[in-house]
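Student: I have this structure open on my screen and would like a close look at one part of it. Could you pick out the sheet in the first chain and walk me through what surrounds it?

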Amino acid sequence: MTTTVLIVDDSKLARIVAAKAITALKPTWQRIEASNADEALELVSQNHIDVALLDFNMPGKNGVELAGEMRKLRPSMPIALITANIQNEVVAAAKAVEAVFVAKPLTQEGLQDFLDSAARALPAEHS
Amino acid sequence: MSDSTHHREPVKLTLTELERDALAELANIGVSRAAASLRKMIGQQVILSVPSVEVMTPKAAAALVGEREGDKLVAVQQAFSGSFSGRALLIFPQAKSLELVRAIIGPQVPTEAVQDIEDEALAETGNIILNGCLATMANILNQSLSVALPEVLRGTGPRLFEVAEPSSDEGLVLFLYINFSILDLDMRGYIAMLMDLPSVANLRRLLDEFITSVMDDGTEDLVTL
């Protein structure tokens, strides 16, 4: 079964950067993308998504609010919050919804640990 | 390299969608880092809006800020030079200036003392935010910029955006609009980069190179459901 990762960022360029890093690290994973929280929630409720990478600063709902809503739909899905904004309040809010911090600008090295641990958490049929 | 032609030939003012996207994203990363530093200084969360980017004339930028914030503005200015040169401005309404300084130095300092160190505190805040933005842009674009010490300016929009030599009034402002608020201290801040045409053209070329380097492989097979 294919592993599907959702990339959510209002910047097209940032989505391209994320897609490129994911492809390099997990070439067999399928990637889908959304440019805002509403689109992302629709994708998560209608599709099988295994892993999510969320931008923090987006128009409408921010990445932490989005992570909270995704968490209700998918209690154990690995979620990463991609941001350079590491204020205590943002860190605490992300922790509360079990989202992992990954630094922006996104690099393969920065993403590797999160994707590896997400892969380990997937059910065996994804291997 | 065709830099010499930029002085005479008109440069297209409109950025492509991807150039604008790239610039907004660089600014977003820079300001997010700056917000995290500012958070440490004031002990309160700094909330940022999504940045928007416009290229406009200094006159239009002055009018835009004036319309929204009135005539009494304060700005922290830092000159920068390198492969693109100009000055960066952090602008907010003067009425909020003391409140911001108060937030930075804390409630125990008497009001007269706050006034005494107002400019110093503003310069330091501006330095953190503007340097965060400029250094992030420079790093991601693989350039080095030297950034001068901050200065505090007060006055109307036209005064803040005034261009030094009258002959260079065709200069452009790259206007990054970011709304930042600090809890109940409802402050709107604006960040503007004032550059001449050759610098805007150089920055644009660097953005294009950056976009190309990001786009160069493996991204065509994205699945859209």
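Tutor: Happy to: we will go through the sheet of chain A strand by strand, then its helices, then the side that touches chain B, with a short look at chain B to finish. Please keep in mind that this is a predicted model.

Let's start with the overall layout. Chain A has an open sheet of five strands, and their order across the sheet is β2-β1-β3-β4-β5, with parallel pairing. Strands β2 and β5 of chain A form the edges, each of them pairing on one side only. If you look along the sheet, neighbouring strands are turned against each other by 25° on average, direction ignored. As general background, the strands of a sheet pair through backbone hydrogen bonds, in either a parallel or an antiparallel way.

A good place to begin is β1(A), which is mostly covered, with four of its five residues buried. On one side, β1(A) pairs with β2(A) in the parallel sense, over five bridges. To find this pairing on your screen, look for A:Ile7, which stands opposite A:Glu33 in β2(A). Between these two strands the chain passes through α1(A), and the resulting β-α-β crossover is right-handed.

β1(A) also pairs with β3(A), again in the parallel sense, this time over four bridges. Here the residues to look for are A:Val8 and, opposite it in β3(A), A:Leu54. From there we can step on to β4(A), which pairs with β3(A) in the parallel sense over four bridges. In this pairing A:Asp55 stands opposite A:Ile82 of β4(A). Helix α5 of chain A, residues 108-121, packs on the sheet, where it touches β3, β4 and β5 of chain A; the direction of this helix makes about 155° with that of β5(A).

Now for another helix, α3 of chain A, which spans residues 63-73. Its buried residues are A:Gly63, A:Val64, A:Leu66, A:Ala67 and A:Met70. Why do these five lie on the same side of α3(A)? Because the arc they cover around the axis is only 155°. The general rule behind such a pattern is that an α-helix has 3.6 residues a turn, so residues three or four places apart point the same way. What covers the buried residues of α3(A) includes strands from the sheet we have just crossed, namely β1, β3, β4 and β5 of chain A. Helices α2 (37-46) and α4 (88-96) of chain A are also among the elements that cover them.

Next, let's turn to where chain A meets chain B. This contact takes 28 residues from chain A and 26 residues from chain B. On the chain A side, the elements that give two or more residues are α1 (12-25), β2 (30-34) and α4. Among these, α1(A) gives the most, with eight residues. So that you can picture the chemistry, the side of chain A that touches chain B has twelve nonpolar, nine polar and seven charged residues by class. Notice that α1(A) is also the helix that the chain passes through in crossing from β1(A) to β2(A).

Finally, a glance across at chain B. Its secondary structure comes to seven helices and nine strands, and 39% of its 225 residues count as buried. One strand to set beside β1(A) is β4(B), residues 86-93, which is mostly covered too: seven of its eight residues are buried. The pairing here is of the antiparallel kind, as β4(B) joins β3(B), residues 73-81, over eight bridges. B:Leu73 has B:Pro93 in β4(B) as its bridge partner. The hairpin of β3(B) and β4(B) has four residues between the strands, and within this hairpin B:Gly82 takes a positive phi near 160°. β4(B) also runs antiparallel to β9(B), residues 189-195, with six bridges joining them. In that pairing, B:Leu90 has B:Ile191 of β9(B) as its bridge partner.

Note on methods. Residues are numbered from 1 along each chain as its sequence is written. Chains are lettered from A and ligands numbered from 1 in the order in which they are written. This is a predicted model: local features need pLDDT of at least 70, side-chain atom pairs count only at pLDDT 80 or more; totals for chains, interfaces and linings use all residues. A residue is buried if 20 or more other C-beta atoms lie within 10 Å of its own, exposed if 12 or fewer, and partly exposed in between; C-beta atoms are placed from the backbone. The arc is that of the directions from the helix axis to the C-beta atoms. Two residues are in contact if their C-beta atoms, placed from the backbone, lie within 7 Å. Two strands pair if DSSP finds at least two bridges between them. A crossover is right-handed if, with the strands pointing away from the viewer, the path from the first strand over the helix to the second runs clockwise. Axes are lines fitted to C-alpha atoms, for helices over the stretch in contact, and angles run from 0 to 180 degrees between N-to-C directions.
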